[in-house]
Amino acid sequence: MLNIDIVPCLQDNYSFVVHDTETNTVAVVDPSEFEPINNFIEKKLKKIDYIFNTHHHFDHTGGNLDLQKKYKTKIVGSKKDEKRIPGIDIKLSDNENFKLGCIDFKIFYIPGHTNGHVCFYAKDERVIFTGDTLFSLGCGRVFEGTHIEMLNSLNLIKRLPIDTLIYCGHEYTEKNLDFCIKYEINNNRLEEKKEWVISKLSKKEPTIPVILKEELSTNIFLRCDVLAVKKSLGMENSSEVEIFKKLRDLKDSF
Ligand SMILES: [Fe+2]
């Protein structure tokens, strides 16, 4: 069985401790920093077999080297980022499988935010770690890739089973929600969602994970092909990528 704990790090990052309870194999996804992860591990599991990095940014890899040193951890990441992920040991290619104990993970290259960005997907468990590509109600900035690449990456995630649970790298949901409400005015689902998000945050609970089905009906960046979104932007005749670029530009200054 797969057990996932959320460990808040830095200002608004999430790292995840992933435990295959059957084989007692442990991975940490995107350790932003040493201290909070180490505190969690010392109290509970006492070991880290692997670190999974979705991309090279410091707020996702900052804990790599100290955790590796203390726990003799193997660091897993994209072959494309072998020169940028600190301490990388296991370099995976697009579509490659990786076993965490008896849990099968597959990695997909999802460029856009960075060129070497990957997600870790456990199909049988219906779980995906999306780093800074897909957030709840939003998506990452397009730093290194193109808008088409980022859109294709989001569309790859869109095609997964709708009951997939999404674990993303930041708590950006509330601000993302305000953006979705502003630019998809007639989506009633967003107002309902707002109550839930505010209630979670007021209790200092994460709004993560979120189920893909829910994101498909609320996350405007997954809805660039929806006529209601195009109309809302006054861009009825624009292509999906034109809508995506417009939304990303608007969000960059939101
Ligand atoms: Fe990032």
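Trainee: Let's start with strand pairing. Which residue in S8 is the bridge partner of Leu 100?

Mentor: Here's the general idea: strands of a sheet pair through backbone hydrogen bonds, either parallel or antiparallel. In this model, which is a predicted one, Leu 100 has Ile 103 in S8 as its bridge partner. S7 and strand S8 (residues 103-109) run antiparallel, and four bridges join them.

Trainee: What sheet do S7 and S8 belong to, and in what order do its strands come?

Mentor: Read across an open sheet of six strands and you get S7-S8-S9-S10-S13-S14, with mixed pairing. The edges are taken by strand S7 (97-100) and strand S14 (210-211); each has a single partner strand, so one side of each has no neighbour in the sheet.

Trainee: Now strand S2. How many of its residues are buried?

Mentor: Start with the general picture: in a regular strand the side chains alternate between the two faces of the sheet. In S2, Asn 13, Ser 15, Val 17 and His 19 point one way, while Tyr 14, Phe 16, Val 18 and Asp 20 point the other way, and all are buried. That's eight of the eight residues of strand S2 (residues 13-20), so the strand is largely enclosed by the rest of the structure.

Trainee: Which strands are joined to S2 by bridges?

Mentor: Take strand S1 (residues 2-9) to begin with: eight bridges join S1 to S2, and the two run antiparallel. Cys 9 sits opposite Asn 13 in S2. S1 and S2 make a hairpin with three residues between them, and Leu 10 in that turn has a positive phi of about 45°.

Then there's strand S3 (residues 25-29), joined to S2 by five bridges, again antiparallel. Here Val 17 stands opposite Val 28 in S3. S2 and S3 also form a hairpin, this one with four residues between them, and Asn 24 in the turn has a positive phi of about 50°.

Trainee: Let's try a helix. Which residues of H9 are buried?

Mentor: With a helix, check its span, then see where the buried residues sit around the axis. Helix H9 (residues 240-252) has 13 residues and reaches 18 Å from its first C-alpha to its last, close to the 18 Å expected at 1.5 Å a residue. Its residues Ile 243, Phe 244, Leu 247, Arg 248 and Lys 251 are buried. They cover an arc of only 130° around the axis, which puts them on the same side of H9. The cover over these buried residues includes strand S12 (138-139), helix H4 (147-158), helix H5 (173-183) and helix H8 (227-232).

Trainee: What coordinates the iron ion?

Mentor: For a metal site, look at the donor atoms, then their angles, then where they lie in the chain. The iron ion is held by His 55 (NE2), His 57 (ND1), His 113 (NE2) and Asp 132 (OD), at 2.2 to 2.3 Å. The angles subtended by the four donor atoms run from 90 to 170°, which makes the arrangement irregular. Along the chain, the donor spacing is H-x1-H-x55-H-x18-D.

Trainee: Where do His 55 and Asp 132 lie, and are they buried or exposed?

Mentor: His 55 is in the loop between strand S4 (50-52) and helix H2 (58-61), and Asp 132 is in the loop between strand S10 (127-131) and strand S11 (134-135), so the pair ties together parts that are 77 residues apart in sequence. Both His 55 and Asp 132 are buried.

Notes:
Residues are numbered from 1 along each chain as its sequence is written. This is a predicted model: local features need pLDDT of at least 70, side-chain atom pairs count only at pLDDT 80 or more; totals for chains, interfaces and linings use all residues. Side-chain values use heavy atoms; hydrogens and water are left out. Donors are N, O and S atoms within 2.8 Å of the metal (3.2 Å for Na, K and Ca); water is not among the atoms, so sites may look incomplete. Four donors count as tetrahedral if all angles lie between 85 and 135 degrees; four count as square planar and six as octahedral if opposite donors are over 155 degrees apart and all others between 65 and 115; anything else is irregular. Buried means under 20% relative accessible area, exposed over 50%, partly exposed in between (1.4 Å probe, protein chains only). Two strands pair if DSSP finds at least two bridges between them. The expected span of a helix is 1.5 Å times one less than its number of residues. The arc is that of the directions from the helix axis to the C-beta atoms. Contact means heavy atoms within 4.5 Å.
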